[in-house]
Amino acid sequence: MDELAWVASHRIRLQAVECFEGGKKNQEIAAALRVSERSAERWRRAWREQGEVGVQSKGSPGRPRLGPDQIARLERELERGPLAHGWADQRWTLARIKTLIGRLFHVSYTEEGIWRLLKRHGWSWQQPTRRAIERDDDAVEVWKKETWPRVRAPRRSAGPGSSSRTKPGSR
């Protein structure tokens, strides 16, 4: 939560406290401050239990962040490769990086959060290419140039046609 949003939230909560002290009902407060009744109820409970301090905004919980030392350690661990961390192949996927961060730092990110973290530090994850190990790229090129032109169906000549399903020549 940026500072401006925090100030606005704090101001609304202080207005709610004034309304609590004035004896207004939660429904009236919610309508006047344009917040949910549930928020008004929660703020009233906190105000009763802790006074004005209980109603103050604590800010957004935000995303857990890794510090510079943790980022450096993560980079070293990523460089070691997935095999060193128990995976069967050498692909770093977002899910694997998420698991690694959880194991190393006991911090939870979403996969989108992992993607943003990687992007912010100039990294990228590895997406597997779905190709057979035995693939012969030269043979594929030869097939495309020599065999495919012979076996593909010739195009119909451009002429008048019909979209009628009942006319035999229209198919």
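Here are some short exercises on the predicted model shown above, each with a worked solution.

**Exercise 1. Getting your bearings**

Work out how many helices and strands the protein chain has, and how much of the chain is buried.

*Solution.*
- Step 1: Count the elements. The protein chain holds eight helices and zero strands.
- Step 2: Walk along from the N terminus. The order reads α-α-α-α-α-α-α-α.
- Step 3: Turn to burial. Of the 171 residues in the protein chain, 26% are buried.
- Step 4: Look at the surface. The protein chain has an accessible surface of about 13400 Å², and carbon and sulfur atoms make up 49% of that.
- Step 5: Check the contacts. Among those with a separation of 6 or more, 43% join residues 24 or more positions apart.

**Exercise 2. Two residues of H1**

Decide whether Phe 20 and Ala 16 are buried or exposed, and find what each one touches beyond its neighbours within four places in sequence.

*Solution.*
- Step 1: Place them. Phe 20 belongs to helix H1, which covers residues 3-21, and Ala 16 is in helix H1 too.
- Step 2: Apply the cut-off, which is under 20% relative accessible area for buried. Phe 20 has 4% relative accessibility, so Phe 20 is buried. Ala 16 comes in at 0%, so Ala 16 is buried as well.
- Step 3: List the contacts of Phe 20. They are Asn 26, Ile 29, Ala 40, Trp 43, Arg 44 and Trp 47.
- Step 4: Do the job again for Ala 16. Its partners are Ile 29, Leu 33 and Trp 43.
- Step 5: Add some distances. Phe 20 and Trp 47 are 27 residues apart along the chain, with 8.5 Å between their C-alpha atoms. For Ala 16 and Leu 33, 17 residues apart, the C-alpha separation is 7.6 Å.

**Exercise 3. The two sides of H2**

Explain why the buried residues of H2 sit on the same side of the helix.

*Solution.*
- Step 1: Pick out the buried residues. In helix H2 (residues 26-33) these are Asn 26, Ile 29, Ala 30 and Leu 33.
- Step 2: See how they spread around the axis. Their arc is only 100°, so they end up on the same side of H2.
- Step 3: Bring in the helix rule. An α-helix has 3.6 residues a turn, so residues three or four places apart point the same way.
- Step 4: Look across. Gln 27, Ala 31 and Ala 32 are exposed on the other side of H2.

**Exercise 4. Positive phi in two loops**

Find out where Arg 34 and His 106 lie, and whether they are buried or exposed.

*Solution.*
- Step 1: Start with Arg 34. This residue follows H2 and sits in the loop between H2 and helix H3 (37-50). Its phi is near 60°, which is positive even though the residue is not glycine.
- Step 2: Check its cover. The relative accessible area of Arg 34 is 77%, so Arg 34 is exposed.
- Step 3: Move on to His 106, in the loop between helix H6 (94-105) and helix H7 (111-120). Here phi is near 55°, again a positive value in a residue other than glycine.
- Step 4: With a relative accessibility of 71%, His 106 counts as exposed.

**Exercise 5. A kinked helix**

Describe the span of H8, where its kink is centred, and what happens at its start.

*Solution.*
- Step 1: Take the span. H8 has 15 residues (137-151) and reaches 20 Å from its first C-alpha to its last, close to the expected 21 Å.
- Step 2: Locate the kink. H8 bends by about 40°, centred on Lys 144.
- Step 3: Go to the start of H8. There, a side-chain oxygen of Asp 136 comes within 3.2 Å of the backbone nitrogen of Asp 138.

Methods: Residues are numbered from 1 along each chain as its sequence is written. This is a predicted model: local features need pLDDT of at least 70, side-chain atom pairs count only at pLDDT 80 or more; totals for chains, interfaces and linings use all residues. Side-chain values use heavy atoms; hydrogens and water are left out. Helices (H or I, at least four residues) and strands (E, at least two) are DSSP runs, numbered from the N terminus. The expected span of a helix is 1.5 Å times one less than its number of residues. The bend at a residue is the angle between axes fitted to the seven residues ending there and the seven starting there. A polar contact is a pair of N or O atoms within 3.5 Å; within protein, one must be able to donate a hydrogen and the other to accept it, and residues adjacent in sequence count only if both atoms are side-chain atoms. Buried means under 20% relative accessible area, exposed over 50%, partly exposed in between (1.4 Å probe, protein chains only). Contact means heavy atoms within 4.5 Å. Accessible areas come from the Shrake-Rupley method with a 1.4 Å probe; for residues, only the protein chains shown count as cover. The arc is that of the directions from the helix axis to the C-beta atoms.
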